[in-house]
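The exercises below ask for a careful reading of one model, moving from its helices to single residues. Try each task on the structure before turning to its solution.

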Amino acid sequence: MENPNKELSDAIGKRLRLWRRSVHLTQDDMAHKLSVNKTTYRKYELGMNAPGAAVLAAACNHGVNINWLLTGLEPMLWTLDEPPDWAKDDVLEELCRTLERLRVLDPSKYEMLARGFIARSAEAREHAELKRAAAAPHTVDLLPPPTPSGFQELLDSHIMDLLPDASKPFSDLPPPVRTDETND
């Protein structure tokens with residue numbers, strides 16, 4: 001079966017090879033470092049397969065800039081002394097490994113779960129941002145301020161037709177209807 005993303009896989013494979021050579025490792029050593037089979041790693045470098053989330057996370061943990069690996073945008077390595085804190089997150093690493101296993105075993109279930117997880121994560125992030133903004137002392141109002149024309153529009157609407165005409169004296173108005181339920 002032909003790889004539908006062959007061009008991207010080739011580009012990632014070339015960058016993996018460049019990174020591996022820059023750190024003076026053999027393919028077997030890099031495969032071990034990334035916790036993959038050496039044949040699998042060779043296929044990555046040849047562009048036959050693209051690495052999944054777990055391999056990308058492992059590469060990140062070893063200093064490679066994932067943005068560079070996927071797009072070619074510099075720099076190749078993290079400019080920090082060590083990867084950022086999120087790159088050392090055990091929960092994230094386990095999630096990546098689990099998703100990678102599912103991607104191999106059942107690609108359709110993986111895609112459904114991953115897309116759902118991304119959507120829920122985005123919702124949770126937005127909620128957290130709103131909560132933080134609400135707690136901040138000087139936040140931008142989430143609702144626009146009321147406009148003076150808003151009240152005027154209400155006055156001009158049909159609601160005003162339901163109110164008594166202020167130009168008529170009260171004596172011209174019909175008497176109120178009484179609904180006494182008392183029987184004497």
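**Exercise 1. Follow R15 outward from its helix.** Which residues is R15 in contact with, leaving aside its neighbours within four places in sequence?

Solution. Leaving those neighbours aside, R15 is in contact (heavy atoms within 4.5 Å) with W68, L69, L70, T71 and G72. This is a predicted model, in which local features need pLDDT of at least 70 and side-chain atom pairs count only at pLDDT 80 or more, while totals for chains, interfaces and linings use all residues. Residues are numbered from 1 along each chain as its sequence is written, and side-chain values use heavy atoms, with hydrogens and water left out. The next step is to place R15, which is found in helix α1, residues 6-22; helices here are DSSP runs of H or I with at least four residues, strands are runs of E with at least two, and both are numbered from the N terminus. Finally, R15 has a relative accessible area of 15%, and it is therefore buried, given that buried means under 20%, exposed over 50% and partly exposed in between, with a 1.4 Å probe and protein chains only.

**Exercise 2. Describe the protein as a whole.** How many helices and strands are there in the protein?

Solution. There are nine helices and zero strands, so that the order of elements from the N terminus on reads α-α-α-α-α-α-α-α-α. Of the 184 residues, 21% count as buried. The exposed surface comes to about 14,400 Å², of which carbon and sulfur atoms supply 59%; the areas come from the Shrake-Rupley method with a 1.4 Å probe, and for residues only the protein chains shown count as cover. Among contacts with a separation of 6 or more, 47% are between residues 24 or more positions apart.

**Exercise 3. Characterise the largest nonpolar core.** Which helix gives the largest share of this core?

Solution. Begin with the set itself: the largest nonpolar core has 19 residues, and W19, L34, Y41 and L69 are those with the most contacts inside it. Such a core is a set of buried Ala, Val, Leu, Ile, Met, Phe, Trp, Tyr and Cys residues joined through side-chain atoms within 4.5 Å. At least two residues each are supplied by α1, α2 (27-33), α3 (38-46), α4 (53-61) and α5 (66-71), and the largest share, five residues, comes from α4. For one of the residues named, L69, the contacts outside four places in sequence are I12, R15, L16, L56 and A59.

**Exercise 4. Classify the aromatic pair.** Is the pair of Y41 and Y44 stacked or edge-to-face?

Solution. A pair of aromatic rings is described by the distance of the centres and the angle of the planes. The structure holds one aromatic pair, and its rings, those of Y41 and Y44, have centres 6.5 Å apart and planes at 80°, so the pair is edge-to-face. The criterion is that rings of Phe, Tyr and Trp (its six-membered ring) pair if their centres lie within 6.5 Å, with planes under 30 degrees apart counted as stacked, over 60 as edge-to-face and the rest as tilted. Because Y41 and Y44 are three residues apart in helix α3, about one helical turn separates them. Y41 is buried at a relative accessible area of 0%, and Y44 also counts as buried, at 5%.

**Exercise 5. Examine how α4 meets α6.** Which residues make the contact?

Solution. The axes of α4 and α6 come within 7 Å and cross at roughly 145°, where axes are lines fitted to C-alpha atoms, for helices over the stretch in contact, and angles run from 0 to 180 degrees between N-to-C directions. The contact is made by A53, A54, A57 and N61 of α4 and by E93, C96, R97 and E100 of α6.

**Exercise 6. Inspect the backbone of two loop residues.** Where are H24 and S35 placed?

Solution. H24 lies in the loop between α1 and α2, and S35 in the loop between α2 and α3. Most residues other than glycine have a negative phi. Phi of H24, however, is near 55°, and phi of S35 is near 60°, each a positive value in a residue other than glycine. H24 is exposed, with a relative accessible area of 73%, and S35 is exposed at 67%.
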